[in-house]
Amino acid sequence: MTAIMHWLDKRELQEAEAKADKWTNQAPDAAVQAKTARKKGEKMVKNFAKEMFTQAGMRVFVLGSWKDEKGGLLTSGFDFNEQLGKGSSFMKGKDWQAILPIWEEFIGDAFDHDQDQDATLLGGTRRVPKPYHEFKLDRSGSPMLPEMDDLSLKTKKAMIRSFLTIHYRTCCGKPKVPVPWSDIMKGQSRFISSTYLPDDTKILEPSKMLRTDANAILDFWWDRQETQVGPTFKFKVWMDERGRMHSPVAKDESDCDADDESTSARPTRKPSATQHHH
């Protein structure tokens, strides 16, 4: 190779170097990536964790998501702390799955993924759920609830997740931001006026909702929608990445609550989600 390069002129040498860089940096196709993830992914993460501990004294826990050969999106935690020094296992000692809902909201958007809701965690690897359920939208762009007779709890949870996600994204004007479920659970009254929820109802991350709670919330929203007493639902505020609270970025003047302090503007159109057909 050295002998061949010796005979190349400057222009040819530059072209050869450019091709070499392209080949080095070009990612393999999706099928090869999926195969690599399945066969070598865990070992690659382990080598990374070992290198970080050995060279930098750093302990790491890795949450990774990838697509398999069939296009399904998988998520798994990788924890090798127990095998490094005198460390203990993060995954065995802590409820690491508590961060999955937020991660899956993010990774579903990152992969533009569309899959079934309420996935099951098997052996540490989880098939990532579909984050949304699609609704028809009214003239203002708000989601309209369909008739809900004979719907499964799984579908109702998907509807609640999507319904709140659409409204939250409208409130903050950001089309891909996840709903801050944990912050809402800690301080529900800061985010949502009691006008838009049944009495004594606490909003949970939808996958944790009981059937009675899901039914009560959806029935309440359905009644508001059908009687047209005002907006079916809306958020009072949204939270930025630093934890600061902000008034809605776009609102209709007739859509203001007495306890809202935001200025009025026309609502932006909600992002769409995956549809349930009747």
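## Report on a predicted protein chain

Asn-81 lies in the loop that runs between strand 2 (73-79) and helix 4 (90-93). The model is a predicted one. With a relative accessible area of 7%, Asn-81 is buried, and, when residues up to four places away in sequence are not counted, Asn-81 touches Arg-59, Val-60, Gly-87 and Ser-88. One of these partners, Val-60, is also among the members of a second, separate core of seven residues, which includes Trp-66, Phe-78 and Phe-80 as well.

### The chain as a whole

The protein chain holds nine helices and eight strands, and 40% of its 278 residues count as buried. Among contacts between residues at least 6 apart in sequence, 55% join residues at least 24 apart. The chain exposes about 17300 Å², of which carbon and sulfur atoms supply 51%.

### Helix 6

Helix 6 takes in residues 153-172, and at 1.5 Å a residue its 20 residues should span 28 Å, which agrees with the 29 Å that separates its end C-alpha atoms. Of the 20 residues of this helix, 19 are buried, so that helix 6 is mostly covered. Gly-173 follows helix 6 and has a positive phi, near 70°.

Two cysteines, Cys-171 and Cys-172, raise the matter of a possible bond. The sulfur of Cys-171 has its closest cysteine sulfur in Cys-172, at 6.5 Å, which is too far for a bond, since a disulfide calls for sulfur atoms within 2.5 Å. The closest cysteine sulfur to that of Cys-172 is likewise the one in Cys-171. The count of disulfides by this rule comes to zero. Cys-171 counts as buried at 4% relative accessibility, and Cys-172 counts as buried at 4% as well.

Beyond the helix, Lys-174 has its place in the loop between helix 6 and helix 7. At 36% relative accessibility Lys-174 counts as partly exposed, and, leaving out residues up to four places away in sequence, Lys-174 touches Arg-169 and Trp-238. Lys-174 and Val-249 are 75 residues apart in sequence, while their C-alpha atoms are 9.5 Å apart in space.

### Aromatic pairs and the largest core

A pair of aromatic rings is described by the distance of the centres and the angle of the planes. The structure holds nine aromatic pairs, and two of them are set out here.

| Pair | Arrangement | Centre to centre | Angle between planes |
|---|---|---|---|
| Phe-163 and Trp-221 | stacked | 4.4 Å | 25° |
| Phe-233 and Phe-235 | edge-to-face | 5.2 Å | 85° |

The pair of Phe-163 and Trp-221 links distant parts of the chain, with Phe-163 in helix 6 and Trp-221 in helix 9 (residues 211-227), 58 residues apart. Phe-163 and Trp-221 are both buried, and Phe-233 and Phe-235 are buried too. These four residues belong to one aromatic cluster, in which Phe-135, Tyr-168 and Tyr-196 also take part.

In soluble globular proteins, nonpolar side chains tend to be buried together. In this chain the largest nonpolar core has 31 residues, and those with the most contacts inside it are Ile-192, Ile-203, Trp-221, Phe-233 and Phe-235. Helix 6, helix 7 (181-186), helix 9 and strand 7 (238-239) are the elements that give two or more residues to this core, and helix 6 gives the most, with nine residues.

Which residues are in contact with Phe-233, leaving aside its neighbours within four places in sequence? Phe-233 is in contact with Phe-163, Leu-164, His-167, Ile-192, Tyr-196, Leu-197 and Trp-221. Among these contacts, Phe-163 and Trp-221 are the two partners of the stacked pair, and Tyr-196 is a member of the aromatic cluster.

### Phe-220 in helix 9

Phe-220 is found in helix 9. Is Phe-220 buried or partly exposed? Its relative accessible area is 23%, so Phe-220 is partly exposed, whereas Trp-221 is buried. When residues up to four places away in sequence are not counted, Phe-220 touches Thr-195, Tyr-196, Leu-197 and Pro-198. Tyr-196 and Leu-197 also appear among the contacts of Phe-233. Phe-220 and Thr-232 are 12 residues apart in sequence and 8.9 Å apart in space, C-alpha to C-alpha.

Technical notes
Residues numbered from 1 in each chain as written. Predicted model: local features only at pLDDT ≥ 70, side-chain atom pairs only at ≥ 80, totals over all residues. Heavy atoms only, no water. Helix = DSSP H or I, 4+ residues; strand = E, 2+ residues; numbered from the N terminus. Buried < 20%, exposed > 50% of the residue type's maximum accessible area, 1.4 Å probe, protein only. Contact = heavy atoms within 4.5 Å. Areas by Shrake-Rupley, 256 points an atom, 1.4 Å probe, with all protein chains shown as cover. Expected span 1.5 Å × (residues − 1). Phe/Tyr/Trp six-rings, centres within 6.5 Å; stacked < 30°, edge-to-face > 60°. Core = buried A, V, L, I, M, F, W, Y, C linked by side-chain atoms within 4.5 Å.
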